[in-house]
Amino acid sequence: MIAFLMLLPSLALLGLFVYGFIMQAIGTSMSDWGTSGAPPPLMMNVTKSFVGFDNYRQIMTDLLEYNFRNSLVNTFFFTLFFVAGCLAIGLFLALLLDQNIKGEGFFRTVFLFPMALSFVVTGTIWRWMLQPGGGINTLPTAIGLPPITFGWINSRDVALGFDWSDVPRLLTVFGVAVLCILALRFALSGRRRAILVVGGIAAVLVLLLVGGFWSNFWLPLENDLAEKSFAPKGFNLALIGVVIAAVWQMSGYTMAMFIAGIRGVSEELREASRVDGCNEIQMYRYIILPQLSPIFLSAMIILGHISLKIFDLVFAMAGPDNAQTVVPGLLVYTEGFRENAFAKASAIAVIMLFAVALIIIPYLWSQFREASKVER
Amino acid sequence: MAYTPRQWRRYTTRTILYVALIVMTLVFLLPIYLVVVTSLKNPAEINLATAWSLPSTPYWQSFQEVLVAFGPRLRNSVALVIGATVLSSIFGSINGYVLSKWRIPGEKILFPLMLFGMFIPYQAILIPLFDFMRGIGLYGGLPGLILIHVVYGLPITTLIFRNFYVDIPDEMLEAAAIDGADFFGIYTNVVFPLSIPGFVVVIIWQFTQIWNEFLFGVTMTSNDAQPITVGLAQLAGGQAVSWNLPMAGAIIAALPPLLVYIVLGRYFIRGLLAGSVKG
């Protein structure tokens, strides 16, 4: 009884500050608070009217809101390259450090120290490192090579371009491809039921696409042609600089996770594999890497949700108003706290929350299911 | 000359290994070199083409100028970090004690619900939070910012303490209970004295997180309550910046968490890895 009473203040605070505020944000996203023409947003007791999904429709279609669509595209590519970069470099460093290195502690400290910095500090530092006419670009001149001329954070080029209206199709193709790979793996291990489930999901995805289901959500743009000309969709090369800085900061984190995982593989198992005639490379390939797959998944989820929320790094590196590197987190700030367009900012924030919840809820669920299994 | 082929192979792989490590070390430390060099240059000496060269004479004045430019923000950050860290670790310790050692109705649901709060994008609660803080008259000031950091720090501090206390054997608590200790008696006599490493991990973690935080700092404070990260962003944000100031500012803003990391790295890593849950 006392125990519960002691927990109560925290529960109440989190209940209000997390769940209460989320409800309120969803409500605001369906109101006209701060929309032009509505009452002044900062008035006390401002009247707000219910407008349904108007704000969502607006940010998904209105020509003037192209920034939001571009921020979604940027988040997609940023997440892809950031997570891949951190996993690759983190694993590489962890494997290097697993070789009985002299001074291992020193190297580990060096690779992990950026984690102790603020994203604002990292952003400030790398903004200077990646100046078009200086920093990294002038490094080759030290050994007599011509300087690099790439605009790491101010390039205006777009690669891997695609059509906004094609997104449901592309995502379906991508999803089906992933499911096919899964099916192939299940086929190799002879799990018939799993193949049927995967095949069923793939069939549903294709049917949803062919049946035009997504067109209820993926509305056609107000002015497709105009948007293509001044806000083309694709990988903005100016994001490369932000990805580099983010990987520099966070790959030590994946390294630490991988090291913890590798150390968890028992010395007996290693010894046994050597006795069985494995060489070092085979041992990593067949004994250690398979044991790391849960860590890969955790790292992907943790890094993925960080990159969905990314805000301060881009703010410090490219500024809050850079159309080339805009992300949803920045738009909530600029729309909400500079323009006072609270309803629109809330709609963007709710979409961010939805994306994060989509990967975090299954993650928490699986973590707790695992834990209660152990207890039993 | 007298190497066997096997020794040769071992020798070359070891060499490649260390060369790779040294190259990666240089890559990771390169930005630090540039920051230090730039912060010590006279602004007149800074230009893009010679960014990598050493300063002709160290110019310490930038640091003084930055301290003036930061003004009260450095003090704000110190007050914020102390207040929020102390409060959130005390709450976290009690929550962790309750959740690991006492039966709570519905704890299997309550605990994950609490933890979800540390993963949400804070943008999602920013506008209601702004509205709420304005309503209770705490918007814009340091106490409000401390409250915010305490509340949103609860999930991680609770998690770390809970996982820490799970390892305390129940028999020790039962023995104290038989001796007549109640809820608080068990906490003060048994649990708290064993908590020191847990507190070190939590305090270090909260200290670095709150010191480095930017989103709440930039949206929930008026000018005179801003933390240092906001000061740094302003220092570096202008168009025609002279780069010695942002670089000196970055060093000052980075130094406290960096020192903690270098001195107490082991505990820092434990906090870091605790963030990937394991309920």
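Reader: Which handedness does the crossing of α3(A) and α9(A) have?
Author: In this predicted model, the two helices concerned are α3, residues 66–97 of chain A, and α9, residues 239–264 of chain A. The crossing that they form is right-handed.

Reader: Which residue class, nonpolar, polar or charged, has 21 residues in the contact of α3(A) with α9(A)?
Author: The contact of α3(A) with α9(A) has no charged residues and five polar ones. The class with 21 residues is nonpolar.

Reader: How are α3(A) and α9(A) oriented to each other?
Author: Two packed helices are described by the angle between their axes and the distance between the axes. Here the axes of α3(A) and α9(A) come within 6 Å and cross at roughly 45°. An angle of this kind is neither under 35 degrees, nor from 65 to 115, nor over 145. The two helices are therefore oblique.

Reader: How many helices does chain B have?
Author: From the N terminus on, the elements of chain B run α-α-α-α-α-α-α-α-α-α-α-α. Strands number zero in chain B, and the count of helices is twelve.

Reader: What radius of gyration does chain B have?
Author: Along its principal axes, the C-alpha trace of chain B spans about 70 × 70 × 30 Å. For a compact globule of 279 residues, the radius of gyration would be near 19 Å, but that of chain B is 24 Å.

Reader: What percentage of the residues of chain B count as buried?
Author: Among contacts in chain B with a separation of 6 or more, 76% come from residues 24 or more positions apart. Burial is counted over the 279 residues of the chain, and the buried share is 46%.

Notes
Residues numbered from 1 in each chain as written. Chains lettered and ligands numbered in written order. Predicted model: local features only at pLDDT ≥ 70, side-chain atom pairs only at ≥ 80, totals over all residues. Axes fitted to C-alpha atoms, helices over the stretch in contact; angles between N-to-C directions. Helix = DSSP H or I, 4+ residues; strand = E, 2+ residues; numbered from the N terminus. Left-handed = near helix turned anticlockwise from the far one by under 90°. Nonpolar A, V, L, I, M, F, W, Y, C, P; charged D, E, K, R; others polar. Rg over C-alpha atoms; globule rule 2.2 N^0.38 Å. Buried ≥ 20, exposed ≤ 12 C-beta atoms within 10 Å, placed from the backbone. Contact = placed C-beta atoms within 7 Å.
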